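Let's take a walk through this model together. Have the sequence and the coordinates open as you read.

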Amino acid sequence: MAPDSTRRRRNTSGRFVGFSTLFFALGALFGYFIVFSLTPAGFPEMSARTSRAVITIDEYFSLMVKLLLGIGAVFETPILIFFLSKIGVINSRWMLKNFKYAFLIH
């Protein structure tokens, strides 16, 4: 194996890790500051339906962790699409043709 090939792989994997971390962090920040700041408004309605007056701290943090992990994972979608296009599984024509399904699912 040529030294240049190893250096190129290390450089590519470093970019992958960097962008993955960046996108996940952006997703978690978006979830925390935008989405999660809107969530407590629904807590009184939820507690009225379940006839409980208080949400425990365990439930609150459980919801927060699930929400932040989920939104962080959704922000990884561009990296997934990039790699699927690099290995030839999808292309721009396929993505345009199936956009309506992605929009419906999302």
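## A buried glutamate

In this predicted model, glutamate 76 is buried but forms no salt bridge. Its nearest side chain of opposite charge belongs to arginine 15, and that one is 16 Å away.

If you would like to find glutamate 76 on screen, look in the loop between H3 and helix H4 (77-86). Setting aside residues up to four places away in sequence, glutamate 76 touches Ser20, Phe23 and Phe24.

## Isoleucine 79 in helix H4

Now step along to isoleucine 79, which sits in helix H4. Is isoleucine 79 buried or exposed? Isoleucine 79 counts as buried because its relative accessible area is 10%, and the cut-off for buried is under 20%.

Which residues does isoleucine 79 contact, beyond its neighbours within four places in sequence? They are Phe16, Phe19, Ser20 and Phe23. Ser20 deserves a second look here: its C-alpha atom is separated from that of isoleucine 79 by 7.1 Å, while the two residues are 59 residues apart along the chain. Ser20 and Phe23 also appear among the residues that glutamate 76 touches.

## The second largest pocket

Several of these residues turn up again in the lining of the second largest pocket, including Phe16, Phe19, Ser20, Phe23 and Ile79. Thr12, Arg15, Phe82, Phe83 and Lys86 are also part of that lining. The space in this pocket comes to about 190 Å³.

Which helix gives the largest share of the lining? That is H1, with six residues. Helix H1 (3-38) and H4 each supply at least two lining residues.

## The whole chain

Let's zoom out. The protein has six helices and zero strands, so its elements run α-α-α-α-α-α from the N terminus on. Of the 106 residues, 14% are buried, and glutamate 76 is one of the buried residues. Among contacts between residues at least 6 apart in sequence, 77% join residues at least 24 apart; the contact of isoleucine 79 with Ser20 spans 59 residues.

## Confidence

How far does the confidence reach? The protein has an average pLDDT of 79, and 74% of the residues score at least 70. Among the elements, helix H3 (residues 57-74) has the highest mean pLDDT, at 88, and helix H2 (residues 43-49) the lowest, at 56. Where pLDDT is low, the predicted coordinates should not be read in detail.

Conventions:
Residues are numbered from 1 along each chain as its sequence is written. This is a predicted model: local features need pLDDT of at least 70, side-chain atom pairs count only at pLDDT 80 or more; totals for chains, interfaces and linings use all residues. Side-chain values use heavy atoms; hydrogens and water are left out. pLDDT is the predictor's confidence in each residue, from 0 to 100. Helices (H or I, at least four residues) and strands (E, at least two) are DSSP runs, numbered from the N terminus. Buried means under 20% relative accessible area, exposed over 50%, partly exposed in between (1.4 Å probe, protein chains only). Lys and Arg count as positive and Asp and Glu as negative; His and the chain ends are not counted. A salt bridge is a side-chain nitrogen of Lys or Arg within 4 Å of a carboxyl oxygen of Asp or Glu. Contact means heavy atoms within 4.5 Å. On a 1 Å grid over the protein atoms alone, a cavity is a set of points where a 1.4 Å probe fits but cannot get out, and a pocket is an open set with protein on both sides within 12 Å along at least five of seven lines; lining residues have an atom within 4 Å of a point. Grid points are joined across faces, edges and corners, and a volume is the space filled by probe spheres set on the points.
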